[in-house]
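Colleague: Please take a close look at a single part of this model, namely its salt bridges. I would like to know where the partners sit, how far each is covered, and what surrounds them.

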Amino acid sequence: MGRDVVAVIVNFNSGPLLKEAVDSLLAGTIRPEIEVVDNASTDHSADFLNTDPGYRESVRLTMNDRNLGFSRANNQVLRGGSARYYLLMNPDCVLEPNALAELVAYMDSNTDVGLAGGALMNRDGTLQKTSKRKFPTPWSALARTLGLHRLDASDGALGDFDLARNQTCDGGPETVEAVSGALMFVRGSALDKVGLLDEGFFMHCEDLDWCMRFRDAGYGVAYVPSAGAVHVKGGSGRGPGVVWHLHRGMIRFYGKHYRNRYPPYFTWLVYAAVYARCGILMALSLVRRRS
């Protein structure tokens with residue numbers, strides 16, 4: 001018999017945030033099976049899962065000998081799994097007590113939906129704009145880089161692809177193009193058709209790729225605002241390495257889903273712009289570290 005709900009947290013040097021995340025799952029109205037995959041953290045953030053008897057009985061811990069990245073570490077649990085639902089949650093998220101129950105109820109009632117996300121909030125209660133998203137196109141990405149998205153409030157071609165800006169957690173569920181990888185609730189039976197996370201993404205943009213693949217496979221992607229979580233943005237990763245993997249992910253996402261739609265010269269322009277932006281942001285990150 002398969003498992004019901006399995007929560008997966010991939011940890012890498014998340015400090016005390018990991019314990020907050022695990023505790024929020026244990027305190028929920030639905031208590032999932034919890035699997036933590038540690039990607040060779042050096043800050044001992046996962047040690048409490050081995051040393052505290054209460055956690056040893058409630059959480060399965062897998063310790064990797066190196067950092068395998070977000071996709072590969074999650075796939076260690078997803079591969080060959082038999083759960084009805086999987087919750088993929090960042091270690092810098094604290095789930096509200098009813099959030100998992102809200103996601104289960106929604107997915108049970110909407111069998112055409114394969115993946116859902118919730119309302120990601122800052123600690124002050126404001127909603128993070130990445131909670132629901134459109135797929136970034138070359139044009140919308142360029143507009144955002146140049147600041148032109150501020151001139152298009154209608155979510156048109158030049159509008160921002162993060163759609164939850166200036167909104168609250170009020171309102172009902174809705175179908176969207178994509179949600180944030182910080183909190184993804186996945187129908188287990190859909191994985192045979194959609195496949196696991198693309199391990200070619202180390203971190204960043206694998207969530208957009210997965211959402212697009214779910215939609216291409218005929219499943220809906222939904223935003224469920226009643227499923228809330230506080231997300232300490234950047235709490236599980238900062239610095240030049242994160243900037244590099246973000247832009248590398250952007251290149252892979254474009255190559256998989258857009259390259260064949262545009263002439264080769266345009267693709268090279270996109271790649272040049274992405275790498276230029278990456279270089280500038282990495283340099284700024286290094287300067288901030290030294291100052």
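Modeller: A salt bridge is taken here as a side-chain nitrogen of Lys or Arg within 4 Å of a carboxyl oxygen of Asp or Glu. With that cut-off, K256 and D209 form such a pair, their closest N and O atoms lying 2.9 Å apart. K256 belongs to helix α9 and D209 to helix α8, so the bridge ties together parts that are 47 residues apart in sequence. Please keep in mind throughout that this is a predicted model, and that every distance and area below is computed from it.

The two partners differ in how far they are covered. D209 has a relative accessible area of 0% and is therefore buried, whereas K256, with a relative accessible area of 38%, is partly exposed. The pair also belongs to a wider arrangement, since D198, D209, R213, R252 and K256 are linked in a network of salt bridges.

The setting of D209 deserves a closer look. Helix α8 is mostly covered, with nine of its 11 residues buried. The buried residues of α8 are E206, D207, L208, D209, W210, C211, M212, R213 and F214, and D209 and R213 in that list are also members of the salt-bridge network. As background, an α-helix has 3.6 residues a turn, so residues three or four places apart point the same way.

The backbone on either side of α8 has its own details. Before the helix, C205 lies in the loop between α7 and α8, and C205 has a positive phi of about 75° although it is not a glycine. In general, most residues other than glycine have a negative phi. C205 has a relative accessibility of 10% and therefore counts as buried. On the other side, just after α8, G218 takes a positive phi of about 95°. A40 is another non-glycine residue with a positive phi, near 60°; A40 lies in the loop between β2 and α2, and with 22% relative accessibility A40 counts as partly exposed.

From the side of K256, the helix to consider is α9, which spans residues 240-257 and packs with α10, residues 264-290: their axes come within 8 Å and cross at roughly 170°. That angle makes α9 roughly antiparallel to α10. Sorted by class, the contact of α9 with α10 has 15 nonpolar, four polar and two charged residues.

The pair of K256 and D209 should be read against the total, which is 15 salt bridges in the structure. Another of them also involves the loop between α7 and α8: E199 forms a salt bridge with R72, their closest N and O atoms being 3.8 Å apart. E199 lies in that loop and R72 in helix α4, residues 69-78, so this bridge ties together parts that are 127 residues apart in sequence. Both partners count as partly exposed, E199 at 34% relative accessibility and R72 at 32%.

A further bridge involves a strand. E33 forms a salt bridge with R3, the closest N and O atoms being 3.1 Å apart. E33 lies in strand β2, residues 33-38, while R3 is in the segment before β1, so the pair ties together parts that are 30 residues apart in sequence. E33 is partly exposed, with a relative accessible area of 35%, and R3 likewise counts as partly exposed, at 25% relative accessibility. Leaving aside residues up to four places away in sequence, E33 touches R3, V5, V6 and A7. The C-alpha atoms of E33 and V59, which are 26 residues apart along the chain, are separated by 7.1 Å.

Finally, some totals for the protein chain give these pairs their context. The chain has 10 helices and 11 strands, and 51% of its 291 residues count as buried. Among contacts with a separation of 6 or more, 79% are between residues 24 or more positions apart. The accessible surface of the chain comes to about 13,600 Å², of which carbon and sulfur atoms account for 54%.

Methods: Residues numbered from 1 in each chain as written. Predicted model: local features only at pLDDT ≥ 70, side-chain atom pairs only at ≥ 80, totals over all residues. Heavy atoms only, no water. Axes fitted to C-alpha atoms, helices over the stretch in contact; angles between N-to-C directions. Helix = DSSP H or I, 4+ residues; strand = E, 2+ residues; numbered from the N terminus. Parallel < 35°, antiparallel > 145°, perpendicular 65-115°, else oblique. Nonpolar A, V, L, I, M, F, W, Y, C, P; charged D, E, K, R; others polar. Buried < 20%, exposed > 50% of the residue type's maximum accessible area, 1.4 Å probe, protein only. Contact = heavy atoms within 4.5 Å. Areas by Shrake-Rupley, 256 points an atom, 1.4 Å probe, with all protein chains shown as cover.
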